[in-house]
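Good morning, and thank you for the time at today's meeting. I would ask you to look at the sequence and the structure together before I begin.

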Amino acid sequence: MIGRFNHVAIVVPDLAAGTALYRDALGAKVSEPMDVTEHGVTVVFVELPNTKVELLHPLGEKSPIASFLEKNPKGGIHHICFETESLAKASEKLKAAGKRVLGDGNPKIGAHGNPVLFLHPSDFNGTLVELEETGAH
Ligand code: CO
């Protein structure tokens, strides 16, 4: 059901410093910051040969990651993302297995323009899991 690993998302208290760390200390290719208003985050993509790291920083008053940063002032891993061919199939299978899909259960458009769903961390060993529908490869 899940396919390729798409990204790991890390919440950072200072986006410029977080970007510089990956660009300068680790020598990675980084994108310009991008505001994703509907998710309340500003994101920088760290592009690696086989995957991505996404640096997230709260955007706006009601950012869903503001409380994460309060609890983790130095930042931390927020979620991991796997690709899947069909969110409808994935969500049906997960619900049948008693796993909780967050929100209203309907996919939202993620930072890459593809539909995404988030799964309850308590059902996945304390890890927030994002599924991104990328279609068949
Ligand atoms: Co993500």
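I shall speak about the metal site and then about the largest pocket.

Please bear in mind that this is a predicted model.

Let me begin with the cobalt ion. Which residues coordinate the cobalt ion? The donors are H7 and H79, each through NE2, together with E130 through OE. Their distances to the metal are 2.0 to 2.1 Å. Along the sequence, these donor residues follow the spacing H-x71-H-x50-E. H7 belongs to strand β1, residues 2–11, and E130 to strand β9, residues 129–133, so this pair ties together parts that lie 123 residues apart in sequence.

Are H7 and E130 buried or exposed? The cut-off for buried is under 20% relative accessible area. H7 has a relative accessibility of 1% and therefore counts as buried. E130, at 6%, counts as buried as well.

I turn now to the largest pocket. The space within the largest pocket amounts to about 550 Å³. Its lining consists of 28 residues, and those nearest the centre are H39, P64, H78, V116 and F118.

Which strands supply the lining of the largest pocket? At least two residues each come from β4 (41–47), β5 (52–58), β6 (76–84), β8 (115–119) and β9. The largest share is that of β8, with three residues. Strand β9 thus appears in both parts of this talk: E130, a donor to the cobalt ion, lies in β9, and β9 also contributes to the pocket lining.

As for chemical class, the lining of the largest pocket comprises 14 nonpolar, eight polar and six charged residues.

Thank you for your attention.

Notes:
Residues numbered from 1 in each chain as written. Predicted model: local features only at pLDDT ≥ 70, side-chain atom pairs only at ≥ 80, totals over all residues. Heavy atoms only, no water. Donors = N, O, S within 2.8 Å, 3.2 Å for Na, K, Ca; no water. Helix = DSSP H or I, 4+ residues; strand = E, 2+ residues; numbered from the N terminus. Buried < 20%, exposed > 50% of the residue type's maximum accessible area, 1.4 Å probe, protein only. 1 Å grid on protein atoms, 1.4 Å probe; cavity = no way out; pocket = protein on both sides within 12 Å on 5 of 7 lines; lining within 4 Å. Points joined across faces, edges and corners; volume = space filled by probe spheres on them. Nonpolar A, V, L, I, M, F, W, Y, C, P; charged D, E, K, R; others polar.
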